[in-house]
Amino acid sequence: MDALLDARPSAPAGLAAPRRAGRRRSRAWRVLGYVVLAVAAAAVLLPFYWMVMSSLKTNNDIFTLPVKWVPDSVVWHNYVDIWHKSDMTTWLRNTLVLSVAVTALQVFTGSFAAYGFAKVRFPGRDVLFLAYLATIAVPWQSYMIPQFILMSKLRLSNTLWSIIALQAFGAFGVFLMKQYYESIPDELVQAARIDGMSEYGIYRRIMLPLSVPALASLTLLTFVTTWNDYLGPLLYLRSHSIWTIQIGLKSFITTYNAEYALIMTGSVLSVLPIAIIFLVGQRYFVEGIASTGLKG
Amino acid sequence: MTSMPVARRRRGRLVWRNTLVGWSFLLPNFVGFAVLTLVPVVLLFYYAFTDWDVFGGAQWSGLANYRQLLHDHSFWTALENTLYYTVAHIPLTLAASLALALLLNRKLRGVAFFRTVAFFPYITSIVALAQVWNMLFSPGYGPINEILRWVGISHPPGWTTSSDWSMPAVIIVGTWREMGYYMLLFLAGLQTIPGHLYEAARVDGANAWQRFRAVTLPGLRPTTFFVTVMLTIGSFKVFDLILVMTNGGPGQSTLVLSQFIYQKGFVENQFGYASAVSIVLFLICLVVTVVQFAVNRRRSS
């Protein structure tokens, strides 16, 4: 219990005998801690292992009794076939275009608005921020219908613009950046004002350079959210030529529902870019999440 | 005497200038936010009281949608299933993420690696994950039932092919996917608990369980509250996971409110009726959040 329940490692205390007993007990807890950690890691990783393994098998080798945890021989041809059997190239290109456009817009409008909320004082500002805050409690699922009707009237539905409009102006970027800007002392901004710098100059030449970690978090989180979005494309993108990877993969799964090896290959390809981005920038993901507790 | 009005006028000009500058910063984001979020939320309250299908526009129909809801079996099934998911998913995820956070807060080797691993499912696309889990859950040949048989369970459940076990299967995947995310929030919360509180409790002779109850849990209160609110809203609006994994089936065993809205609105084109269900979903989330805030305030005073 000692080792598991305390939030902080304990300082050595007391006499020699209890200390020795305590040390033995704490070693037991330590071992148990590693066992739990290993089991949890295995449970988290099992689906990913299965995904990759299945993509390297022939289709007949995936469901066997007993289960083959390691393929008899590694098969690569799924990774060649998938490009012929699906529009993978189109889907990936559309998704990339959308993710880049949404991220650029969200980072710009989010950080720009956050400066207004964090560093400029004017009447009505806090009420306005409350409106942003209140929408967190409103699930998107409850207003997706009026939103869809509105988008249709604006003639945006069934174009890539609909997804850009849907994702680019979220409140998330505003929250994350506002949180960060508030940690930058007002005196710094005040000093720049006295020096005659305009608010836009302060934003661009002082705040932006100082908030690179937060900007990185926002960039990565927005990119990943847009890449993974399934519901937006499901509602808005009807023409096959503008499908994204998620909706394309789902339709591929429905069409080739017994081609498990190919399905897993497509899944690996849809996850791979995210995995790479995550491994490169994991520090920023963790910091972004920990500082706002929200995601897009 | 004359300096007063001048100063006031100058301050008035400053306020005016700040308002202009402030709004100019907000505008690029606010225009999109207002058009795509605020306006739809307001429109929702109008559409929900109209009769609107593919033929013609919205016709005011008062409470007719809600009378229809009362007798709609699918709606009650969806509501029941949503509650089922919520009631099981919240405590499971809370327990798993808190336990992981406590474990990772120790000085163990491999902690950084595990933190990375545990968070990864949360940023992986639902389509790919749901598909893998469906294969893992496959009753006859899937590895999960293989493991269960190996452990000694001779008749393992049918998971997503059985109407009794499809919801547990979805809950397991939901918890598995989100626990790493909430774990990060708990880890951040644990960093804010001062170490000397533990020393003091130790000096007072508190054992580990007592220290957990007296120091860790109270110290985590703000985090736990926040996590519970987020989990609640997230559970009530659960959608894409179920849509991709079971599509509400088998039968209606995993049909949830969000999917019911989608079904009515986007498949059957009954915009008015679907908006009425949206209002129900919205009100549930609102009421639960308000109650949670009230309880939290009473406890902290």
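In which loop of chain B is Trp159(B) found? Trp159(B) sits between α6 (143-151) and α7 of chain B, where helices (H or I, at least four residues) and strands (E, at least two) are DSSP runs, numbered from the N terminus. This is a predicted model, in which local features need pLDDT of at least 70, side-chain atom pairs count only at pLDDT 80 or more, and totals for chains, interfaces and linings use all residues. Residues are numbered from 1 along each chain as its sequence is written, while chains are lettered from A and ligands numbered from 1 in the order in which they are written.

Back to that loop residue. Trp159(B) is not a glycine, yet its phi is positive, near 45°. Trp159(B) counts as buried because it has 23 C-beta neighbours inside 10 Å. Buried here stands for 20 or more other C-beta atoms within 10 Å of the residue's own, exposed for 12 or fewer, and partly exposed for anything in between, with C-beta atoms placed from the backbone. Asn269(B) makes a handy companion: it also isn't a glycine and has a positive phi, of about 60°. Its loop is the one between α11 (257-267) and α12 (271-300) of chain B. With 13 other C-beta atoms within 10 Å, Asn269(B) is partly exposed.

Now for the chains as wholes. Chain A has 14 helices and zero strands, so to speak a plain run of α elements from start to finish. Its radius of gyration (taken over C-alpha atoms) is 25 Å, whereas a compact globule of 296 residues would be near 19 Å; that rule is 2.2 Å times the number of residues to the power 0.38. The C-alpha atoms of chain A fill a box of roughly 75 × 75 × 35 Å along the principal axes. Of the 296 residues in chain A, 44% are buried. Two residues are in contact if their C-beta atoms, placed from the backbone, lie within 7 Å. Take the contacts in chain A with a separation of 6 or more: 77% of them involve residues 24 or more positions apart.

Chain B brings in some strands, with two of them next to twelve helices. From the N terminus, the order is α-β-β-α-α-α-α-α-α-α-α-α-α-α. Chain B has a radius of gyration of 25 Å, well over the 19 Å from the globule rule for 301 residues, so it is more spread out than a compact globule. Along the principal axes, its C-alpha trace spans about 95 × 75 × 35 Å. Buried residues make up 44% of the 301 residues. Among contacts in chain B between residues at least 6 apart in sequence, 67% join residues at least 24 apart.

Two helices of chain A deserve a look. Helix α6 (residues 140-153) has 14 residues and reaches 19 Å from first C-alpha to last, close to the 20 Å expected at 1.5 Å a residue; the expected span is 1.5 Å times one less than the number of residues. α6(A) bends by about 35° at Pro146(A), the bend being the angle between axes fitted to the seven residues ending there and the seven starting there. Pro146(A) is one of the buried residues of α6(A), which also include Tyr143(A), Phe148(A) and Met151(A). After α6(A) comes Arg155(A), with a positive phi near 60°. Helix α8 (residues 171-182) of chain A has twelve residues and reaches 17 Å, close to its expected 16 Å. α8(A) is mostly covered, with ten of its twelve residues buried, including Phe172(A), Lys178(A) and Tyr181(A).

Where the chains meet, the contact takes 82 residues from chain A and 87 residues from chain B. Helix α14 (residues 260-292) of chain A gives the largest share of chain A's side, twelve residues. By class, that side has 59 nonpolar, 16 polar and seven charged residues. Ala, Val, Leu, Ile, Met, Phe, Trp, Tyr, Cys and Pro count as nonpolar, Asp, Glu, Lys and Arg as charged, and the others, Gly among them, as polar.

Finally, the largest nonpolar core has 158 residues, and those with the most contacts inside it include Ala101(B), Met183(B) and Leu241(B). Such a core is a set of buried Ala, Val, Leu, Ile, Met, Phe, Trp, Tyr and Cys residues joined through C-beta atoms within 7 Å. Leaving aside neighbours within four places in sequence, Ala101(B) is in contact with Met183(B), Phe186(B), Leu187(B) and Leu190(B). Leu241(B) lies in helix α10 (residues 240-245) of chain B and is buried, with 23 other C-beta atoms within 10 Å.
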